[in-house]
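The report below is meant for a reader who is meeting this structure for the first time, and it moves from the fold of one chain to its contacts with another.

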Amino acid sequence: MSILRRSLLAAPLALPAFAIGRRAAAADPFKVGFVYVSPIGDAGWTFQHEMGRRAVDAALGAAVKTSYVENVPEGADSERVIRRLAQDGNQLIFTTSFGYMNPTEKVAKAFPKLKFEHATGYKRGPNLATYSGRYYEPRYLTGIIAGRLSKSGIIGYVAAFPIPEVIQGINAVLLGARSVNPKATIKVIFTSSWFDPGKERAAADTLVAQGADYLTQHTDSTAVVQAAEEKGVWCSGYDSDMLKYGPKTHTTAVEMHWDNYYVDRVKQAIAGTWASGDVWGGMASGMVKLSRFNPSLPAPLLAEVAAKTEEIRSGKLVVFSGPLKDQAGVVKVPAGKAMMDAEILSMNWFVEGVQGKV
Amino acid sequence: MRLRLEARPAPSRAMLWLSPLLAALLAAVGGGVVFALLGHDPLVALGTLFLAPLSTLDGLTELGLKATPLLLCAIGIAVGVRANVWNIGAEGQLTMGAIAGGGIALAFGGEGRWWVLPLMLLAGAAGGAAWAAMPALLKTRFNAHEILTTLMLSYVAIQLLGWLVHGPWIDPEGFNFPQTRMFDDDALLPVLVEGSRLNAGFLLALLAVPLAWLLLSRTVTGFRLRTVGQAPEAARYAGFSATGAVWFSLVLSGALAGLAGVLEAAGPVGQLQPVMSPGYGFAAIIVAFMGRLHPFGILGASFLMALLYLGGEQLQVSLQLPIAVIGTIQGMLLFFLLGADVFIDQRLVVVRDARHA
């Protein structure tokens, strides 16, 4: 539907609308707002979105004026912040956390002329698009690294909430690890918070005490990487390159790149070709990738990861393809079948080998 | 020559009330210095912080909405502190209120059932009261201190809410994301100003102010509470029950916090989520003391606190200042308030050393 509308509308409207957009831009910059769930800091989920915002500034210069509100709690407060950005003349607003979904939908309905984009959610409208990355693809690759490097075969995983996006990552790491070490297991600790360095640190320490010698996290701080560095166990980061927090032990990180997407969407909004829709970008799109590798990683492992990266990018390797069994050993996806996107998006079960409860 | 703090014979009542204003003024001056150091015109920035949110109808309605849970929780906390009962766990009682009221909404919400909303409010207050009754029992029967028990039960409540929205109450159509379905219209509070989010819950919070004042200063119950709090020996001599004061103040403050919780659920949120409050129950402790534990003072303090939240957002939107700036100003406000309070009960005297005189 949205693709159809985009291609039908885009062609005739693009040129004149762009001309109008340019003229308007000369007088008045196009305002774009961002809502962040945690402080920007210098690594993590919000930091990557901030990199995207700065890319918009760099690419479009004086034609745009971007602003952001950071550390906005999910819940009642976020609606006011989104509304404030809308009233302040922002014509395109990115809300970058799942918990902003219903507030974003409400404000989008109240301001039908403005455009909204919500990260990681599933509610859309004529002026409300959604976007997210297939984080599970690079996660699988970190699983291969973990499977090769871990001696105990136990991977410690610090996670925020048992929502599908997080569960996908945990399952993908396990599948990657088991592809090279069939005995690999994952121990999970949930912290019930996206950003709580103290809790993340405590969870990491507990996992190491339970025998984990490879750590990773689905939370927004660098605490787990710092813990791994101190304990001398391998780890992979999330959201951003976290090598500087773990120069000896940080293998690589699942890194998100919103810059191209944001620049494209802002350009489309200025040109009048923006249309609602859903983008779920994988490694092929460049929205998700692995960050630079630790220089101490052995060459054969790097070659193996590079080969698998190519297989994922080309579509030869599909992460969630059968046979997949759940924790009770029940076959959830038979051999020769791959999970549909809708099934992946609502994933609420762990694959066999994950220790922990959803 | 040395400086020494000396107790004042009679603390000034006027200064007791002026010190929050003085603290706000000093924080504004300090904030202005910070803004200037960051390269912004201090007057523009202060105007954005303190005046911009008040300059539109929308800003005013949001101010009332934000102040509502702070006001309700802080009044409950203040009633307790007057009786020397320290309820630190309003956050948990608020959460239990949201759970109890939200449960009613999920179970009975439908089209045109007028009784759902009143029942939700009652359930919310009862949920908060029940959660605060546990520390009351633990205190009166086992002498467990309420500061610990109320605080720890907060975390239990938050975990309980997390379990409910991840498990039995999860929205079946929500892709397994941890939240309940949206409440039906008859389970939502009526909006006071068309197009805004300010709802009838604000009126309930306002109503609590004179009622709490009447209770504390015009009733025998209030007199007993204050006596137990200020002069336990005298209270015992007069036959006032300390146990009764603990129960009364904890259950009342729990009910008010629970009401705040269900008002959030049935108001701006419209569903249950893993976190229902960004720390209102804890911020309300500051509000209660900034308001001098007096209902009308708390009314002003809750609006000031709400204004700082809103102004902080406005600073980020309009001037692209980082959120840390607003944290700095909040910190200064509390620092100056506590600093000013030192000089209400005490004064600085210069002691001349005899040998050097």
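## Chain A and its contact with chain B

Among contacts in chain A between residues at least 6 apart in sequence, 64% join residues at least 24 apart. The model is a predicted one, and its chain A has a secondary structure that comes to 11 helices and 15 strands. Buried residues account for 52% of the 358 residues in chain A.

How does the radius of gyration of chain A stand against that of a compact globule with 358 residues? Such a globule would have a radius of gyration near 21 Å, and because chain A has 21 Å, the two agree. The C-alpha trace of chain A, taken along its principal axes, spans about 60 × 45 × 40 Å.

An unreviewed UniProt entry places the feature "domain: ABC transporter substrate-binding protein PnrA-like" at residues 31–297 of chain A. Over residues 31–297 the chain is 39% helix and 24% strand, while the C-alpha atoms at the two ends are 44 Å apart.

Turning to the second chain, 30 residues of chain A are in contact with 25 residues of chain B. On the side of chain A that touches chain B, the elements that give two or more residues are strand E2 (64–69) and helix H3 (76–87) of chain A. The largest share of that side, eight residues, comes from H3(A). The table sorts the residues on this side of chain A by class.

| Class, side of chain A that touches chain B | Number |
|---|---|
| Nonpolar | 14 residues |
| Polar | nine residues |
| Charged | seven residues |

How values were computed
Residues are numbered from 1 along each chain as its sequence is written. Chains are lettered from A and ligands numbered from 1 in the order in which they are written. This is a predicted model: local features need pLDDT of at least 70, side-chain atom pairs count only at pLDDT 80 or more; totals for chains, interfaces and linings use all residues. Two residues are in contact if their C-beta atoms, placed from the backbone, lie within 7 Å. Helices (H or I, at least four residues) and strands (E, at least two) are DSSP runs, numbered from the N terminus. Ala, Val, Leu, Ile, Met, Phe, Trp, Tyr, Cys and Pro count as nonpolar, Asp, Glu, Lys and Arg as charged, and the others, Gly among them, as polar. The radius of gyration is taken over C-alpha atoms; the globule rule is 2.2 Å times the number of residues to the power 0.38. A residue is buried if 20 or more other C-beta atoms lie within 10 Å of its own, exposed if 12 or fewer, and partly exposed in between; C-beta atoms are placed from the backbone. UniProt positions are given in the numbering used here, feature names are shortened, and annotations may be inferred rather than shown by experiment.
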